[in-house]
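Colleague: Please take a close look at one part of this chain and set it in its surroundings. Start with where it sits, then work outwards to the rest of the fold.

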Amino acid sequence: MSDDRKIDDRKIEVQRGLYFEEFDEHTLYRHSPGRTVTEADNVLFSTLTMNSQALHLDAAWAATQPFGQRLVNSMFTLATLVGASVTQLTQGTIVANLGFEAVAFPHPLYHGDTLYSETIVTGKRLSASRPGQGIVTLEHTGRNQHDVVVATAVRSVLVWCREAQP
């Protein structure tokens, strides 16, 4: 979606997410492109967030563990899963993330895997306390290149109604 504006005689389109009214329950959004995760992504994210878990950083030790190799930090997986939806759903139209629930990582993501993301709109309602805004519930799912589900999360967001956005 875009907001159309005119400067002089030119029409300018600005990339944006969806306003409350544009979210339709049960709609499935497939986000692209996918994101191939590198060792550098995992190490940088883990160290930036002060997560020194050896499963993410120590290849020799991780090789002795049940998965036999380092795992991508699950918080990186979650952040990338949600981040992939921003341009299509909430860019410039979100007021705030309200919360996450039912976050799960049923299968690990490894270095070199590609994360593909999709979102289903599972609910929406106007805010009772914030006129001009609505609450949308989004169910995010991430799959690897083999179509195996690696992450799921339910997220509630507060978004602008079209006529109320500043």
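**A loop and its surroundings**

Modeller: Asp24 sits in the loop between strand S2 (10-15) and strand S3 (28-36). Strands (DSSP runs of E, at least two residues) and helices (runs of H or I, at least four) are numbered from the N terminus. The model is predicted, with local features needing pLDDT of at least 70 and side-chain atom pairs counting only at pLDDT 80 or more, while totals for chains, interfaces and linings use all residues. Residues are numbered from 1 along each chain as its sequence is written, and side-chain values use heavy atoms, with hydrogens and water left out.

Asp24 is partly exposed, because its relative accessibility is 44%, where buried means under 20% relative accessible area, exposed over 50% and partly exposed in between (1.4 Å probe, protein chains only). Although 97 residues separate Asp24 and Val121 in sequence, their C-alpha atoms are 6.6 Å apart. His26 is also in the loop between S2 and S3. This residue is not a glycine, yet phi of His26 is positive, at about 75°. With a relative accessibility of 66%, His26 counts as exposed.

Asp147 offers a second case of positive phi, with a value near 70° in a residue other than glycine. Asp147 belongs to the loop between S6 and S7, and it counts as exposed at 54% relative accessibility.

Going on from the loop into strand S3, Pro33 is placed in that strand. The peptide bond between Ser32 and Pro33 is cis, with omega of about 5°.

Strand S5 (residues 114-126) holds Glu118. The C-alpha atoms of Glu118 and Arg30 are 4.3 Å apart, with the two positions 88 residues apart in sequence. Beyond the residues up to four places away in sequence, Glu118 touches Leu28, Tyr29, Arg30 and His31, as well as Glu139, His140, Thr141 and Arg143; contact means heavy atoms within 4.5 Å. Glu118 counts as buried because its relative accessibility is 14%.

Tyr29 can be followed from there. Apart from neighbours within four places in sequence, Tyr29 is in contact with Leu18, Glu22, Gln88, Leu89, Ser117, Glu118, Thr119 and Val121. Tyr29 belongs to the largest nonpolar core, whose 11 residues are Leu18, Phe20, Phe23, Tyr29, Leu89, Val121, Val136, Leu138, Val157, Val159 and Cys161. Two or more residues of this core come from each of strand S6 (133-143) and strand S7 (149-160). A core here is a set of buried Ala, Val, Leu, Ile, Met, Phe, Trp, Tyr and Cys residues joined through side-chain atoms within 4.5 Å. Separate from it is a second core of 8 residues, among them Val72, Phe76, Leu109 and Val150. In soluble globular proteins, nonpolar side chains tend to be buried together.

Leu18 leads to another loop. Thr90 is in the loop between helix H5 (86-89) and strand S4 (94-104). The contacts of Thr90, leaving aside neighbours within four places in sequence, are Gly17, Leu18, Ser85 and Arg155. Thr90 is buried, because its relative accessible area is 4%.

The largest pocket holds about 180 Å³ of space. A pocket is an open set of points on a 1 Å grid over the protein atoms alone, where a 1.4 Å probe fits, with protein on both sides within 12 Å along at least five of seven lines; lining residues have an atom within 4 Å of a point. Points are joined across faces, edges and corners, and the volume is the space filled by probe spheres set on them. There are 13 lining residues, and those closest to the centre of the largest pocket are Leu71, Val72, Ser74, Phe105 and Pro108. Helix H2 (54-57) and helix H4 (74-83) each give at least two residues to this lining.

For the chain as a whole, there are 5 helices and 7 strands, in the order β-β-β-α-α-α-α-α-β-β-β-β from the N terminus. Of its 166 residues, 37% are buried. Contacts between residues at least 6 apart in sequence join residues at least 24 apart in 66% of cases. Along the principal axes, the C-alpha atoms fill a box of roughly 60 × 40 × 30 Å.
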